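Work through the following exercises with the coordinates open, and try each task before reading its solution.

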Amino acid sequence: MNYLMNFKTKQFFLSRIALPFWLVISLLVTQVQAQNVPASFADLAKKYGPTVVNIYSTQTIQSRNLPYNFFFENDQVPDLFRHFFDVPQQPREQQLPAQKRTSLGSGVIISADGFIITNNHVIENADEINVRLSNFEEYTAKVIGKDPKTDLALIQITPKHSLVFASFGDSDKLQVGDWVLAIGNPFGFDHTVTAGIVSGKGRTLGDGPYQNFIQTDASINPGNSGGPLFNMDGELMGINTAIYSRNGGNIGLGFAIPANMTKNVVSQLQGNGKVTRGMLGVMIQPVTADLAEQFDLDRPIGALVGHVMADSPAEKAGIKSGDIITEFQGKEISQMNMLPALVAQTSVGTEAEITFFREGQKRRLTVVIGELQEDAVSSSKNDDTIYSSKDLGLTVQKMTDELAKSMGADIEDGLIITNIEQGSLAEQSGLQRGDILLEGGVGQNRVQLSTVKDLEKLLIDSKELNVLLLVKSRNQTRFILLKKK
């Protein structure tokens, strides 16, 4: 009985002590969490808002009117429109006055003497570039250099006084979940400030090999292009460049070019007006979960080398088809698209250390980075094992014994698709990266596709006709109609 009373007494005592104790702990945790959430972005916006400029670029377009007899000579025009445009015969064509098209965008000042970063698409083909500062001063800018492949451009104004400017931060240190601030001129609303977090890193939109976007849910809209993305220390983390949207407005998917890539490009544009990129000389593809299992990797990681170009830095260093590159200069290649971007930013002649897996063994080697020739970006047309079609949006290479073994394919003949452009005719037809092309033809007249020359000839001979392909995908064979129009 005494034991029971003592137990109940202790239980009562602990319940009275434990409740306030856990309440205090909960309050402390809440306070710590609250300290990580900015109370206001006002000081940051006030200090770095003047580094952001509004850019108006104008382009002269010479338009031509449709021929007046267009509606009478064209059999495809419905009778309704023929009657509507039933006017006396006029001269066949009339020249309209030249028209001005205005493009709105943003930019960020990076030096006191007026150097400004923006997107290439904001000032591309512009006849005149006007810049308006936060104090409403306006200047005419000149182009120092442009790089369409990263969509970056460097322009300069001659200011009347020293300007407030932004400083680059280290975008590699940016983490998913970090707070960021975007400033720009969406839809012409000057110096609009939006805040959000980093939603992802290493994103691609399928438009090129040098993409490594920062994804953010900070509201970005048309007109924000070229504007800065700041961290909470006021460091420039990226250049806002694109949104993903079904209706043209913000849905929380904005993308920025990382500061480290931007700094490299801008430095070269400022130095010589153009960009020189490093080159490794390999064709790569993603490492899927199935491939990771085949190569005894604990997770899908790295870039699988499908082909090594002849006499390239990669071949000279000893890289082979079937190798999986997992690190470049000490940086993990968590996604395939990271490798081209990192190599491109590496100076020509650099001795770069590469970590890769071959036959289940982790290895390292050093490769001397070469210079990328711009006409060899898509593929090497002199290499008879690779074929790339820009019209169809696909790249194929001849299947090799090593590649077949690395992919676990039970076939050693055919052409493997190493790249499919997003939104291309090839993608719309149902082709996928990793598919193996076995046969092709028009109707029942099919030929075996053993070499890239076979495919090239087939596409030329078929002209505008659709091509029927026999494709092997994941050890299943199927027919796909490649729609060429």
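**Exercise 1.** Determine which residue follows helix H12 and what sign its phi has, and then sort the residues of H12 into buried and exposed ones.

*Solution.* In this predicted model, H12 is followed by Lys463, whose phi is positive, near 50 degrees. Within the helix, which runs over residues 452-462, the buried positions are Val452, Leu455, Leu458, Leu459 and Ser462. These buried residues cover an arc of only 125 degrees around the axis, so they lie on the same side of H12. This pattern can be read against the geometry of an α-helix, which has 3.6 residues a turn, so that residues three or four places apart point the same way. On the other side of H12, Lys453, Lys457 and Ile460 are exposed. The last step is to find the packing partners of the buried residues, which are strands S21 (386-389), S22 (394-398), S23 (415-420), S24 (436-442), S26 (467-473) and S27 (476-482).

**Exercise 2.** Identify the members of the largest nonpolar core that touch the most other members, and list what Ile117 touches.

*Solution.* The largest nonpolar core has 25 residues, and those touching the most other members are Val108, Ile110, Ile117, Leu152, Leu154, Phe230 and Ile239. Among the elements that each supply at least two residues of this core are helix H2 (42-48), strand S3 (115-119), strand S11 (236-243) and helix H6 (259-272), and H6 gives the most, with four residues. Leaving out residues up to four places away in sequence, Ile117 touches Gly107, Val108, Ile110, Leu152, Ala153, Leu154, Phe168, Gly226, Ile239, Thr262 and Val266. A second, separate core of 22 residues includes Val282, Val308, Met338 and Val367.

**Exercise 3.** For the salt bridges Arg299–Glu332, Asp323–Arg358 and Asp311–Lys316, give the N to O distance and state whether the partners are buried, partly exposed or exposed.

*Solution.* Counting a side-chain nitrogen of Lys or Arg within 4 Å of a carboxyl oxygen of Asp or Glu, one arrives at nine salt bridges. Arg299 and Glu332 meet at 2.7 Å; the former lies in the loop between helix H7 and strand S15 and the latter in strand S17, so the pair ties together parts that are 33 residues apart in sequence. Arg299 is partly exposed at 38% relative accessibility, as is Glu332 at 37%. In Asp323–Arg358, the closest N and O atoms are 2.8 Å apart, and both residues are buried. Asp311 and Lys316 meet at 3.9 Å, and both are exposed. Finally, Arg132, Glu138 and Asp190 are linked in a network of salt bridges.

How values were computed. Residues are numbered from 1 along each chain as its sequence is written. This is a predicted model: local features need pLDDT of at least 70, side-chain atom pairs count only at pLDDT 80 or more; totals for chains, interfaces and linings use all residues. Side-chain values use heavy atoms; hydrogens and water are left out. A nonpolar core is a set of buried Ala, Val, Leu, Ile, Met, Phe, Trp, Tyr and Cys residues joined through side-chain atoms within 4.5 Å. Buried means under 20% relative accessible area, exposed over 50%, partly exposed in between (1.4 Å probe, protein chains only). Contact means heavy atoms within 4.5 Å. The arc is that of the directions from the helix axis to the C-beta atoms.
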